[in-house]
Amino acid sequence: FCSKCRIPNNAKKSRLISELNDVCIIHLERLQPDKKVTNHIHFSEQLDLSPFMFRQKDNTQNLYELYSVIVHDGSRFSGHYYCLCRDKEKWFEISDSTFYEVDIKKVLSSQAYILFYKKI
């Protein structure tokens, strides 16, 4: 609705970023009041926030690289959290008292709960 004439019209709402931090944390809302959302959410190793910037500064890079993923394994009411972390070029699964190397395919196919990106 137009706030002045109260006539319905097509509108587009957007939110843009004015300034970027060194770290970008994305929380994927997987837990609903009565269930856990288990479908795969696609995410990548790199994240370009340029399309979401309010004002693009010349030659400013808005690229981030994935360095950690928190995963919840289980249901809405119970389960276990573990972390997939990158150390240099290797990825590791870290849980309570164990850790072992994993490949990037496992990371990108995980049921991510929180994504951690750092600015390149």
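**Notebook: salt bridges, core and surface patch**

I looked up Glu 93 to begin with and found that it counts as buried, at 10% relative accessibility, where buried means under 20% relative accessible area, exposed over 50% and partly exposed in between (1.4 Å probe, protein chains only). I note that the model is predicted, so that local features need pLDDT of at least 70 and side-chain atom pairs count only at pLDDT 80 or more, while totals for chains, interfaces and linings use all residues. Residues are numbered from 1 along each chain as its sequence is written, and side-chain values use heavy atoms, with hydrogens and water left out.

I then looked for salt bridges (a side-chain nitrogen of Lys or Arg within 4 Å of a carboxyl oxygen of Asp or Glu) and found 2 in the structure. In one of them the side chain of Glu 93 meets that of Lys 106, at 3.1 Å from N to O. Because Lys 106 lies in helix H1 (residues 104-108) and Glu 93 in strand S5 (residues 90-95), the pair ties together parts that are 13 residues apart in sequence; helices (H or I, at least four residues) and strands (E, at least two) are DSSP runs, numbered from the N terminus. Lys 106 is partly exposed, with a relative accessible area of 32%.

I also found Arg 86 in a salt bridge with Glu 65, their closest N and O atoms being 3.1 Å apart. This pair links distant parts of the chain, with Arg 86 in strand S4 and Glu 65 in strand S3, 21 residues apart. Glu 65 is partly exposed, at a relative accessible area of 23%.
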